[in-house]
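Trainee: I'd love to walk through this protein with you before I head back to the bench. Could you take my questions one at a time?

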Amino acid sequence: QGTLPEEQAKSEALATLRALRYGEGDYFWINDHGPRVIMHATKPELEGKDVSDVKDPDGKHLFVEFVNVVKKDGAGFVSYLWPKPDHDRPVSKVSYVKGFDAWGWVIGSGIYLDDVNDIFWQRVIGLVLMDVSGALVLGLAIFVIGRSIARPLAEAATLGHAVAEGRLDNQIEVTCGGETGELLTSLKRMQEKLGTILREVDDCGRNMGQSAYQVATISSEIADVSRQQESRSGEVAQAM
């Protein structure tokens, strides 16, 4: 905005970017089109040096590539190998660089792919564990529900066969609701009704048996009287 002298503005911008961090300690750096490092948050020993010959283990001149991307497209991504802060072994990294033409700066920042892979696999493992847990819970729920339905239905089928074979002494306990509970209740009522009918038939049979016995007894007495009467009639006939 022109409210500060350019050198003061650059100094404050460099101080601000040097202190900025995000993620797991990810940082910023600045180089010019030389390329010469103007500010590097984790390798201050590079500041002021020409880094056109700096290359990664694969032979990529990364700072030259940063400048080429900015010159061509104004901004973009560059993949290369670079050591993490406080480490010496280079690892895969992807950085985004953007030009600030007013000062001829190339401002960049990147992330290490092994960090991305760690986050990715943590998420994958978390999702897998969540899915497995969900599947186990769902399977358990299905098993419990299926068992709560299948067992009463099997019991109902067994009771139905028993009733069909004439066995009415089974104890039917209705411990579930819904259609299965209604089925067991109906079977229980049917069994009780059939039992009542059979008891009535049995009582009726006993009564008929007693009546038949009484009729047989009376018939026998009548026969005895008839024989006696016949014998007396014979005696009267002889006497006459």
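Trainee: Which residues have the most contacts inside the largest nonpolar core?

Mentor: Keep in mind that this is a predicted model. The largest nonpolar core in it holds 24 residues. Those with the most contacts inside this core are Ile30, Phe63, Phe66, Tyr80, Trp82 and Val97.

Trainee: And which element gives the most to this core?

Mentor: Several elements give two or more residues to the core: α1 (6-19), β1, β2, α2, β3, β4 and β5. The top contribution is five residues, and the element that gives them is α2.

Trainee: Then let's look at that helix. Why do the buried residues of α2 lie on the same side?

Mentor: An α-helix has 3.6 residues a turn, so residues three or four places apart point the same way. In α2 (residues 62-73), the buried residues are Leu62, Phe63, Phe66, Val67, Val69 and Val70. They sit on the same side of α2 because they cover an arc of only 160 degrees around the axis.

Trainee: Which residues are exposed on the other side of α2?

Mentor: Exposed here means over 50% relative accessible area. On the side of α2 away from the buried residues, two residues meet that mark, and they are Lys71 and Lys72.

Trainee: What covers the buried residues of α2?

Mentor: Strands from along the chain take part, and the chain has five strands. The cover includes β1 (28-31), β2 (37-40), β3 (75-83), β4 (90-100) and β5 (105-112).

Trainee: How far does α2 reach from its first C-alpha to its last?

Mentor: Helix α2 has twelve residues, and at 1.5 Å a residue the expected reach is 16 Å. The model comes close to that, with a span of 16 Å.

Trainee: What phi does Gly74 take?

Mentor: Gly74 comes just after α2. Its phi is positive, at about 85 degrees.

Trainee: I noticed Trp82 among the core residues. Which residues of α2 does Trp82 contact?

Mentor: Leave aside the neighbours within four places in sequence, and Trp82 is in contact with residues including Tyr27, His40, Pro90 and Tyr112. Helix α2 covers residues 62-73. The contacts of Trp82 that fall in that range are Leu62 and Phe63.

Trainee: Is there empty space inside, and which element gives the largest share of the lining of the largest cavity?

Mentor: Rolling a probe the size of a water molecule over the atoms shows where empty space is left. A search of the whole structure finds one cavity of 30 Å³ or more, and the largest cavity holds about 40 Å³ of space. Its lining is made by Tyr27, Trp29, His40, Leu62, Phe63, Phe66, Tyr80, Trp82 and Lys93. Three residues form the largest share of that lining, and they come from α2.

Trainee: Now the loops. Is the peptide bond from Gly34 to Pro35 cis or trans?

Mentor: Pro35 lies in the loop between β1 and β2. The bond from Gly34 to Pro35 has omega near 0 degrees, so by the usual convention the name for it is cis.

Trainee: Last one: is Trp103 buried, partly exposed or exposed?

Mentor: Trp103 lies in the loop between β4 and β5. Not counting residues up to four places away in sequence, Trp103 touches Glu6, Ala9, Lys10 and Ala13. Buried means under 20% relative accessible area. Because Trp103 has a relative accessible area of 22%, the label is partly exposed.

Note on methods
Residues are numbered from 1 along each chain as its sequence is written. This is a predicted model: local features need pLDDT of at least 70, side-chain atom pairs count only at pLDDT 80 or more; totals for chains, interfaces and linings use all residues. Side-chain values use heavy atoms; hydrogens and water are left out. Helices (H or I, at least four residues) and strands (E, at least two) are DSSP runs, numbered from the N terminus. The expected span of a helix is 1.5 Å times one less than its number of residues. Buried means under 20% relative accessible area, exposed over 50%, partly exposed in between (1.4 Å probe, protein chains only). The arc is that of the directions from the helix axis to the C-beta atoms. Contact means heavy atoms within 4.5 Å. A nonpolar core is a set of buried Ala, Val, Leu, Ile, Met, Phe, Trp, Tyr and Cys residues joined through side-chain atoms within 4.5 Å. On a 1 Å grid over the protein atoms alone, a cavity is a set of points where a 1.4 Å probe fits but cannot get out, and a pocket is an open set with protein on both sides within 12 Å along at least five of seven lines; lining residues have an atom within 4 Å of a point. Grid points are joined across faces, edges and corners, and a volume is the space filled by probe spheres set on the points.
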